[in-house]
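Reader: I would like to go through this model and ask what stands behind each label. Please keep the answers short.

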Amino acid sequence: MAIDATQPYDDDNIFAKILRGEIPNKTVYENDYVLAFHDINPQAPHHILVIPKGKYVSWDDFSSAASEAEIAGFVRGVGHVARAAGMVEPGYRLLANIGQDGHQEVPHLHVHIFAGKPLGPMLARS
Ligand code: AMP
């Protein structure tokens, strides 16, 4: 079910539990600002999620409230994960879902990294 991106941060969301080590994950990369791990239900041959370590509900929350260091750390972290996985030359896609119409399901900011095959048009055609 999609969430309201304007809701307050929920400490019980699944990515908060992953950050606290209460739920296992397949970590790809971690530093002071980000955790990257494999999506549990991959939608492409490579499907990695990158999340900030701070408590931000969505891209909207993060882009308005995060510090310059957190924003730089997150953007650089996403780039690092894709480069380290060898995705730059073949190419990859970033996706951040925000709120109801964006179909965001987990209320902690995450960027999806998809790669491993030609990914087709930007949005599914209905
Ligand atoms: P979104 O619709 O952008 O909020 O995407 C949430 C993503 O989180 C989905 O692709 C899920 O497969 C993924 N997900 C949910 N729970 C877990 C988990 N425990 N470990 C890894 N990925 C998860």
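Reader: Which residue forms a salt bridge with Lys53?

Author: Glu30 does, and the closest N and O atoms are 2.7 Å apart. Keep in mind that this is a predicted model.

Reader: What makes the contact of Glu30 with Lys53 a salt bridge?

Author: The cut-off is 4 Å between a side-chain nitrogen of Lys or Arg and a carboxyl oxygen of Asp or Glu. The pair has 2.7 Å, so the label applies. The two residues come from distant parts of the chain: Glu30 sits in strand S1, Lys53 in the loop between S3 and H2, 23 residues apart.

Reader: Why is Glu30 called partly exposed?

Author: Partly exposed lies between the limits of 20% and 50%. Glu30 has 46% relative accessibility, so it falls in that range. Lys53 has 31%, so it gets the label too.

Reader: How many salt bridges does the structure hold?

Author: Three. Lys55 and Asp11 meet in one of them, at 3.0 Å from N to O. This pair also links distant parts of the chain: Lys55 is in the loop between S3 and H2, Asp11 is in the segment before helix H1, and 44 residues separate them. Arg20 and Glu22 form a salt bridge as well, at 2.7 Å.

Reader: Why do such side chains pair at all?

Author: Opposite charges can pair when the charged atoms come close.

Reader: Is Lys55 buried or exposed, and how do you know?

Author: Exposed takes over 50%. Lys55 has a relative accessible area of 54%, so it is exposed. Its partner Asp11 has 35%, so Asp11 counts as partly exposed.

Reader: What about Ser58: buried or exposed?

Author: Buried means under 20%. Ser58 has a relative accessible area of 0%, so it is buried. Ser58 is found in the loop between strand S3 and helix H2. Beyond its neighbours within four places in sequence, Ser58 is in contact with Ala5, Ile98, Gln104 and Leu109.

Reader: How do you know that the side chain of Ser58 makes a polar contact with Asp60?

Author: The limit is 3.5 Å. A polar atom of the Ser58 side chain lies 3.1 Å from the backbone nitrogen of Asp60. That is within the limit, so the pair qualifies.

Reader: Why does Val106 count as buried?

Author: Its relative accessibility is 16%, and buried means under 20%, so the label follows. Val106 lies in the loop between helix H4 and strand S5. Setting aside sequence neighbours within four places, Val106 is in contact with Asn13, Ile14, Phe15 and Val57. Val106 and Ile14 are 92 residues apart in sequence, yet their C-alpha atoms are 7.1 Å apart.

Reader: Turn to the ligand. Which residues come nearest?

Author: Of the 16 residues around the ligand, Asp39, Asn97, Glu105, His110 and His112 come nearest.

Reader: What makes the approach of Asp39 to the ligand a polar contact?

Author: A polar side-chain atom of Asp39 lies 2.5 Å from a ligand oxygen. The limit is 3.5 Å, so this is a polar contact. Asn97 has a polar side-chain atom 2.8 Å from an oxygen atom of the ligand. Ile40 uses a backbone N or O atom, 3.1 Å from a ligand nitrogen.

Reader: How much of the ligand's accessible area does the protein cover?

Author: The protein covers 85% of the 510 Å² that the ligand has on its own.

Terms used: Residues are numbered from 1 along each chain as its sequence is written. This is a predicted model: local features need pLDDT of at least 70, side-chain atom pairs count only at pLDDT 80 or more; totals for chains, interfaces and linings use all residues. Side-chain values use heavy atoms; hydrogens and water are left out. Helices (H or I, at least four residues) and strands (E, at least two) are DSSP runs, numbered from the N terminus. Buried means under 20% relative accessible area, exposed over 50%, partly exposed in between (1.4 Å probe, protein chains only). A polar contact is a pair of N or O atoms within 3.5 Å; within protein, one must be able to donate a hydrogen and the other to accept it, and residues adjacent in sequence count only if both atoms are side-chain atoms. Contact means heavy atoms within 4.5 Å. A residue is near a molecule or strand if one of its heavy atoms lies within 4 Å of it. Accessible areas come from the Shrake-Rupley method with a 1.4 Å probe; for residues, only the protein chains shown count as cover.
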